[in-house]
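Please take a moment with the sequence and the model below before reading on. The paragraphs after it are meant to be read with the structure in view.

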Amino acid sequence: MRNTIVRCSACERALKLPADVGYTSLDCDHCDKSTDIWLFPALHRVKNNSAPQQVVDEGHSSCMNHPSKRAVAVCDGCGKFLCALCDIPWNNDHLCSQCIEHQQEKDADNVLRSTYIHYDRIVLLLAFFSIFLFYLGLFFAPAALFIAWRYWKEPWRPVPYKKWGMITYVTVAFLALVVWSSAIVVAIINL
């Protein structure tokens, strides 16, 4: 049996699993609460560490990258035969790794993008430095505002999220610019 733990829904203690499969109700030895579960045959199946399917006879095609393995799909990009290891399902297509790389190169919508520049963090650092560095703050604050304006619509991360952080950092950079500019104007007037 696998190392599967089913816990009581009330006290979170581990329950003893029966050997049979199907719908059953387990009683907790600790709190006497009944927990209903479905046990599937896969729970009792021993893990099989067998190798992928080998080409068994002349009638089967082999993978272009792994000649000893049976082909299970054809790449929709280039037509190569692919084994289960090389087959990459993508938008109802089957692609090989070379076609995925080719798609990344010509990807105008950044759908397959794997690296992102975190412009919000750059703006955060520039806004932070603009607060604490007097003369350089006059350069860091406008740079933070420019980067926020320039890259506002760029995807910063693969998972969409709210842009409240960027708005906060822009506000800090703007306030730092106003404070340092006011300090310089006051210093010039007092000369």
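What follows goes from the overall layout to a few chosen residues and their surroundings.

The model shown here is a predicted one, and its secondary structure comes to 4 helices and 8 strands. Read from the N terminus on, these elements run β-β-β-β-β-β-β-β-α-α-α-α, an order that is worth keeping in mind when the individual residues are located. The protein has 191 residues, of which 25% count as buried, and its accessible surface comes to about 13800 Å², with 60% of that surface belonging to carbon and sulfur atoms. Among the contacts in the protein with a separation of 6 or more, 31% are accounted for by residues 24 or more positions apart.

A first stop among the strands is D32, which has its place in the loop between β3 (22-27) and β4 (34-39). Its phi is near 65°, a positive value in a residue other than glycine. Most residues other than glycine have a negative phi. D32 is exposed, because its relative accessible area is 63% and the cut-off for that class is over 50%.

Another aspartate, D87, is found in the loop between β6 (81-82) and β7 (88-90). Which side chain of opposite charge is nearest to the buried D87? It is K80, which is 12 Å away, and D87 has no salt bridge; a salt bridge would need a side-chain nitrogen of Lys or Arg within 4 Å of a carboxyl oxygen, so K80 at that distance does not supply one. The side chain of D87 does, however, make a polar contact with the side chain of H94, at 2.9 Å. When its neighbours within four places in sequence are left aside, D87 is in contact with A73, L82, H94 and L95.

The helices bring the aromatic residues into view, for the structure holds 5 aromatic pairs. One of these pairs is formed by Y119 and Y151, whose rings are stacked, with 3.9 Å from centre to centre and 5° between the planes. This pair links distant parts of the chain, since Y119 lies in helix α2 (residues 119-132) and Y151 in the loop between α3 (134-150) and α4, 32 residues apart. How does the accessibility of the two tyrosines compare with the 20% cut-off for buried residues? Y119, at 10% relative accessibility, counts as buried, whereas Y151, at 22%, counts as partly exposed because this value is not under 20%. Ring pairs also link F128, F129, F132 and F140 into a cluster.

F128 leads on to A173, which has its place in helix α4: the two residues are 45 residues apart in sequence and 7.7 Å apart in space, C-alpha to C-alpha. A173 is buried, because its relative accessible area is 0%. Not counting residues up to four places away in sequence, A173 touches A127, S130, A141, A144 and L145.

Helix α4 (residues 164-189) also holds L177, which is partly exposed, because its relative accessible area is 21% and buried residues must be under 20%. The C-alpha atoms of L177 and F139 are separated by 8.7 Å, although these residues are 38 residues apart along the chain. Apart from its neighbours within four places in sequence, L177 is in contact with L138, A141, P142 and L145. A141 and L145 thus appear among the contacts of L177 and also among those of A173.

Terms used: Residues are numbered from 1 along each chain as its sequence is written. This is a predicted model: local features need pLDDT of at least 70, side-chain atom pairs count only at pLDDT 80 or more; totals for chains, interfaces and linings use all residues. Side-chain values use heavy atoms; hydrogens and water are left out. Helices (H or I, at least four residues) and strands (E, at least two) are DSSP runs, numbered from the N terminus. Buried means under 20% relative accessible area, exposed over 50%, partly exposed in between (1.4 Å probe, protein chains only). Lys and Arg count as positive and Asp and Glu as negative; His and the chain ends are not counted. A polar contact is a pair of N or O atoms within 3.5 Å; within protein, one must be able to donate a hydrogen and the other to accept it, and residues adjacent in sequence count only if both atoms are side-chain atoms. Contact means heavy atoms within 4.5 Å. Accessible areas come from the Shrake-Rupley method with a 1.4 Å probe; for residues, only the protein chains shown count as cover. Rings of Phe, Tyr and Trp (its six-membered ring) pair if their centres lie within 6.5 Å; planes under 30 degrees apart count as stacked, over 60 as edge-to-face and the rest as tilted.
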